[in-house]
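Dear colleague,

Please find below the structure that I am handing over to you. My findings follow directly after it, and I would be grateful if you read them alongside the coordinates.

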Amino acid sequence: MNQETCRILLIDSSPERFSALSSVLKEAGYRDIVTCDPSTVTVNCVAELNPHIVLIDVESPSRDTMEQLVLIRDHCPKPVVLLSQDE
């Protein structure tokens, strides 16, 4: 699989961060980037979009987000990268 065929599910609640991350990923050659808001990420969402990797960028992951990650791991395992910044 190369960058052009890799589907990335980008989960981010900040339009500014989403735009910045999307730009960096596109500059690196990734073309298939789909998005989801952290409050709506579910196992069904991940199963339906069928990404190769899930990239989550949140200031501070909520308990609900973490619980959904456990369900994703159990029901439709995908590599997950979680970026967090909590001052």
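Helices and strands are named here from DSSP runs, at least four residues for a helix and at least two for a strand, and are numbered from the N terminus. Please note that this is a predicted model.

I begin close to the start of the chain. Thr5 belongs to the segment that precedes β1, the strand of residues 7–12. With a relative accessibility of 47%, Thr5 counts as partly exposed, because the buried class ends at 20% and the exposed class begins over 50%. Although Arg31 is 26 residues away from Thr5 along the chain, the C-alpha atoms of the two are separated by 7.4 Å.

The nonpolar interior comes next. In soluble globular proteins, nonpolar side chains tend to be buried together. Here the largest nonpolar core has 13 residues, and the members that touch the most others are Ile11, Val46 and Ile72. At least two residues of this core come from each of β1, α2 (43–49), β3 (53–58) and α3 (63–75). A second, separate core has seven residues, among them Cys6, Ile8, Leu21 and Leu25. Leaving aside residues up to four places away in sequence, Ile72 touches Val41, Thr42, Val43, Val46 and Pro77.

There is also a nonpolar patch on the surface, formed by Met66, Val80 and Leu82, which together have about 210 Å² of accessible area. Met66 is a residue of helix α3 and counts as partly exposed, at 36% relative accessibility.

I turn now to the charged side chains. Side chains of opposite charge can pair when their charged atoms come close. A search of the whole structure finds five salt bridges, and I describe three of them here.

One salt bridge joins the side chains of Asp32 and Arg7, at 3.0 Å from N to O. Asp32 is in strand β2 (residues 32–36) and Arg7 in strand β1, so this pair ties together parts that are 25 residues apart in sequence. Asp32 counts as partly exposed, at 26% relative accessibility, and Arg7 is partly exposed with a relative accessible area of 26%.

Another salt bridge is made by the side chains of Asp57 and Arg17, at 3.3 Å from N to O. This pair links distant parts of the chain, with Asp57 in strand β3 and Arg17 in helix α1 (residues 15–27), 40 residues apart. Asp57 has a relative accessible area of 11% and is therefore buried, since the limit is under 20%. Arg17, at 22%, is partly exposed. Not counting residues up to four places away in sequence, Asp57 touches Ile11, Asp12, Ser13, Arg17, Leu21 and Leu83.

A further salt bridge lies within a single helix. In the pair of Arg63 and Glu67, the closest N and O atoms are 2.9 Å apart. Both residues lie in helix α3, four residues apart, which is about one turn of the helix. Arg63 counts as exposed, at 67% relative accessibility, whereas Glu67 is partly exposed, with a relative accessible area of 37%. Elsewhere, salt bridges that share partners join Asp12, Arg17 and Asp57 into one network.

When you open the model, I would suggest beginning with Asp57, the buried residue that belongs to this network.

With kind regards

Technical notes
Residues numbered from 1 in each chain as written. Predicted model: local features only at pLDDT ≥ 70, side-chain atom pairs only at ≥ 80, totals over all residues. Heavy atoms only, no water. Buried < 20%, exposed > 50% of the residue type's maximum accessible area, 1.4 Å probe, protein only. Core = buried A, V, L, I, M, F, W, Y, C linked by side-chain atoms within 4.5 Å. Contact = heavy atoms within 4.5 Å. Patch = residues over 30% accessible without salt bridge, like charges linked within 9 Å, V, L, I, M, F, W, Y side chains within 5 Å. Areas by Shrake-Rupley, 256 points an atom, 1.4 Å probe, with all protein chains shown as cover. Salt bridge = Lys/Arg side-chain N within 4 Å of Asp/Glu carboxyl O.
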